[in-house]
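I set out to look up how the strands, helices and chains of one structure are arranged. My entries follow the display.

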Amino acid sequence: MSVIFIVLPLALVIAAAAVAAFIWSVRTGQLDDLETPAVRMLFDDDEPTEDAQDPD
Amino acid sequence: MIDDAAIIDARPAHLIACSHCGLPVPTVLVDPANDDQFCCAACQTVYRVVHECGLNRYYELRRELETDRAPARTTGADFSAFDAPEFQQAHCIELPDSRHSIELYLEGVHCAACVWLIEKLPQIRTGVVQARLDLPRSLVSIVWDDDRAALSTVARDLDRLGYPPHPARGGEARAARTREDRRLLIRVAVAGALAGNVMLLAIALYSGMFDSMQDRFATLFRWVSMGLGVAAIGWPGSIFFKGAIASIRARTPRLDLPIALALSLAGAAGAVNVVRGSGEIYFDSLTMLVFLLLVGRVLQRSAQRRAADAVELLYSLTPASVTLVENDELLQAPIEAVIPGAILLVRAGETIPVDGVVNDGLSQVDESILTGESKPVSAAPGRPVSAGAVNLSAPIRVRAQTIGDATRLGRILKQIESEGVRSARVQSLVDRLSAWFLISVLSLASVTLLLWLAIDPSRAVSNTIALLIVTCPCGLGLATPLAVAAALGKASQRGIFVKCDEALTQLAHPGLLLLDKTGTLTEGGVRLVQWIGAESLRPAVAALESASSHPIGRALCADVDMAAAPTADDAEHFIGQGAVGVIDGARLVVGSFDFVQSQWRTHTPNWASLAQHDALEKGLTPIAVARGGAIEAVAVMGDRVRDDAGAALETLRNRGWRVGIVSGDDRRVVEEVTAQLGGEFAMLVGGASPEKKCDIVENAMRKGPVAFVGDGVNDAAALQRATVGIAAHGGAEASLAAADIYLTKPGLTPLVELIAGARRTRRVVFRNIGAALGYNALAATLALTGLITPIVAAILMPISSLTVLTLSIRARTFTREEAPCP
């Protein structure tokens with residue numbers, strides 16, 4: 001019994017898992033807007049400024 | 001949105017940049033006492049708000065990201081209508097814990113730093129839980145806690161940051177498109193994964209041929225390949241079979257047909273060989289074919305979808321709130337809350353939101369968007385007014401009769417939407433070619449089969465299959481989608497939104513171009529057309545009219561340096577007649593000839609009465625200017641022809657287009673406009689009703705393709721009927737819905753650019769198809785003569801796809817604009 005009979009189905013299962021993850025990401029809308037997230041990651045996570053005032 | 005900037009840009013002081021937007025500050029606005037300088041009041045407001053909220057980092061980010069410049073715009077509205085229950089029911093979604101969410105379409109979103117500023121909303125306004133911006137669509141999704149913040153305060157914050165919000169419309173259509181996109185994307189993912197795995201197995205099989213692979217492994221690999229291949233054809237590939245069945249039913253050849261044929265024939269042959277245990281299995285080529293073709297479709301769809309979203313979101317700009325008059329109190333209310341019989345206040349400059357009758361007030365109303373008539377119509381108590389018309393000079397109170405979909409405007413819009421997109425109207429170039437392609441491939445295949453049956457029967461089947469694979473229409477299927485998708489993406493960067501890609505292919509051939517006049521060829525609205533008299537009198541006239549809200553009064557102030565104008569004393573305005581005042585000690589009367597006569601009974605000099613008759617003859621409005629008792633100047637007012645219109649039409653004529661004008665305005669006005677434009681016109685129609693416009697387009701279409709350019713509601717039916725409908729900048733909602741293409745920049749230069757781009761796109765499509773066909777012809781010859789085996793065919797196949805891909809991306813269709821240097 002060669003190892004290939006185990007490894008081949010295993011490889012297919014891993015590939016299927018990757019596809020399932022992709023389908024999940026599509027269904028949750030992560031690929032609806034491809035531009036804004038690319039921009040958003042440029043901003044540093046700065047601390048909320050303490051002196052922020054009400055604009056009114 | 002950005003038009004206001006054009007006026008300001010007229011006389012920039014080159015050295016001083018606005019502290020908010022970085023555009024030049026006009027000299028008159030420079031404030032020597034201040035460190036910060038602003039190009040307009042809106043920029044100043046936004047700058048102050050951003051600093052008060054401690055969000056100065058916005059400016060750092062903008063410097064770091066080197067973003068585009070655009071002046072800010074704030075409306076100062078109080079948005080109290082956003083809190084009304086009718087509004088929230090129509091636009092908001094209720095979440096648990098008294099939270100609500102809403103999608104707002106924002107004006108003025110232009111760069112990456114905007115994302116940062118808008119998403120900081122939860123920090124500057126307690127009660128806002130989350131703000132997420134979709135940059136390409138200018139759409140912000142806000143979640144807020146109704147107990148801690150009212151939606152109107154959130155809307156005011158956005159407005160004061162320079163992003164006037166509007167409730168987003170067209171949500172359902174957008175959601176449907178999103179679902180469709182997601183489904184297609186999932187198909188691509190599955191097809192890609194299957195193709196990748198089959199390729200891995202295929203590499204093992206091909207190398208095993210030279211390396212004596214054990215039979216049991218080869219059998220396993222072949223069966224697994226078949227399983228994956230059948231899955232790829234059955235699920236992601238089913239889209240082509242559906243298309244093929246539809247094309248057989250409609251009896252029009254489409255590219256799906258040869259694709260489906262190649263898939264089923266090669267799939268069946270592969271399956272037979274797997275079961276037999278010898279021969280080629282083809283599943284590697286087939287899965288790759290399905291994957292590449294789907295990628296082409298996704299690219300094409302996403303470009304079209306972006307254009308459709310962008311155009312539909314513009315509908316959100318129509319006013320969502322009205323001013324109700326109840327017991328002499330003014331009340332901001334959402335449009336959903338208006339019932340027939342309600343009295344609404346419509347201020348000067350506002351759009352009338354309902355069909356109704358004027359109850360109170362004297363004003364003039366611009367109905368050009370509905371009728372094409374450039375002259376304002378007077379509105380007096382008892383006169384009917386229509387939704388969509390713009391109130392020009394003075395506030396009026398309107399008693400609502402019909403609202404929403406029941407209005408004339410609503411009915412037109414409804415009708416257009418129900419007719420839907422008619423992209424199937426034009427048969428695409430590739431579909432037409434694919435019929436020939438299918439016939440030639442099938443006849444070549446039978447020739448190959450018969451030939452090899454006679455020469456060497458053992459090689460007949462394998463050579464025939466090799467021919468089918470090598471001529472598989474992969475490159476052909478990608479040729480048009482790729483070229484068009486790349487062109488549409490570039491076009492939208494230039495402000496040209498193409499909703500239907502066939503329209504672009506159609507515009508590549510010259511044909512008949514029909515244009516609407518008001519708002520398309522002309523600027524729409526009253527402008528100073530001609531000034532007869534001393535130029536030095538203009539500042540005085542502007543000073544007198546500066547307080548006027550009448551369109552003619554405002555037009556007389558435009559283009560005049562108000563800082564240099566004297567001040568008017570004792571100014572008195574007579575609605576619909578004129579104005580009187582004292583300037584530099586002299587009494588100045590500006591108004592209609594009758595009005596000036598009634599003020600002075602002065603003698604009208606010969607030149608002035610000639611000018612008056614000439615203007616009336618051309619359908620324009622003459623205005624007399626009298627100082628110290630004598631008429632000193634005549635201002636001829638009317639709808640001015642756009643500066644770039646004459647040159648643009650000339651360019652189009654040189655490219656072989658025949659140009660015609662179809663207008664709802666008076667025939668004399670149309671003739672005057674053609675005289676100013678110059679050149680030859682294939683058709684001139686005045687006084688055309690919307691139905692007549694539509695008939696004209698339909699008649700003209702019997703002789704050939706017709707492109708129609710218009711902006712008004714009265715053009716909508718014609719836009720929809722024409723081979724290609726193009727909505728001009730500032731177009732009404734109905735015209736946007738009906739058109740295939742929308743131009744977001746004013747003037748006719750974008751139209752020339754569109755047509756030039758369409759020609760270049762067509763050339764790229766042809767180049768792609770040529771490359772794909774040339775490759776196929778070469779490969780078919782080799783296969784016919786038996787020079788390539790199925791393996792070589794499978795390796796050669798992607799080369800045509802790659803060639804097409806490279807050609808499309810490198811093509812220059814819509815050239816990117818040079819960054820404007822202020």
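The entries below record sheets, hairpins and the contact between two chains.

Entry 1, conventions. I note that this is a predicted model, in which local features need pLDDT of at least 70 and side-chain atom pairs count only at pLDDT 80 or more, while totals for chains, interfaces and linings use all residues. Residues are numbered from 1 along each chain as its sequence is written, chains are lettered from A and ligands numbered from 1 in the order in which they are written, and side-chain values use heavy atoms, with hydrogens and water left out.

Entry 2, terms for the sheets. I took helices (H or I, at least four residues) and strands (E, at least two) as DSSP runs, numbered from the N terminus. I called two strands paired if DSSP finds at least two bridges between them.

Entry 3, a sheet in chain B. In which order do the six strands of the open sheet that includes β19 lie? I read the order as β19-β24-β23-β22-β21-β20 (chain B), with antiparallel pairing. β19 (527–532) and β20 (568–574) of chain B each have a single partner strand, so they stand at the edges and one side of each is left without a neighbour in the sheet. From one strand to the next, the twist averages 20 degrees; for such angles, axes are lines fitted to C-alpha atoms, for helices over the stretch in contact, and angles run from 0 to 180 degrees between N-to-C directions.

Next I looked at the edge strand β19(B), which five bridges join to the antiparallel strand β24 (residues 630–638) of chain B. Here B:W531 stands opposite B:A635.

Two helices pack on this sheet, where contact means heavy atoms within 4.5 Å. Helix α22 (residues 593–600) of chain B touches β20, β21, β22, β23 and β24 of chain B, and its direction makes about 145 degrees with that of β22(B). Helix α23 (residues 606–617) of chain B touches β19, β23 and β24 of chain B, and its direction makes about 10 degrees with that of β24(B).

Entry 4, inside the same sheet. I found six bridges between the antiparallel strands β21 (residues 578–583) and β22 (residues 586–591) of chain B, with B:V580 opposite B:V589. Their hairpin has two residues between the strands, and B:D584 takes a positive phi near 50 degrees there. β22(B) also pairs with β23 (residues 621–627) of chain B, in the antiparallel sense over four bridges. B:L588 has B:R627 as its bridge partner in β23(B).

Entry 5, another hairpin. Strands β3 (residues 92–95) and β4 (residues 99–106) of chain B pair in the antiparallel sense over four bridges, and B:I93 is partnered by B:S101. Three residues lie between these strands, and B:D97 takes a positive phi near 60 degrees in the hairpin.

Entry 6, another open sheet. I read six strands in the order β9-β8-β10-β16-β11-β14 (chain B), paired antiparallel. β9 (329–334) and β14 (384–385) of chain B are the edge strands, each pairing on one side only. Two bridges join β14(B) to the antiparallel strand β11 (residues 355–360) of chain B, and B:G356 stands opposite B:V385.

Entry 7, the contact of chains A and B. How many residues does each chain bring to the contact? Chain A gives 32 and chain B gives 39. The buried area (accessible area, 1.4 Å probe, that two parts lose on being put together, summed over both) is about 3100 Å², and carbon and sulfur atoms give 60% of it.

I then searched for salt bridges (a side-chain nitrogen of Lys or Arg within 4 Å of a carboxyl oxygen of Asp or Glu). The whole structure has 26 over all chains. B:E119 lies in helix α5 (residues 112–119) of chain B and A:R40 in helix α2 of chain A, so this pair joins two chains. Their side chains meet at 2.6 Å, N to O. Across the interface of chains A and B, the rule finds two salt bridges.

On the side of chain A that touches chain B, α1 (4–27) and α2 (36–40) of chain A are the elements that give two or more residues. α1(A) gives the most, with ten residues.
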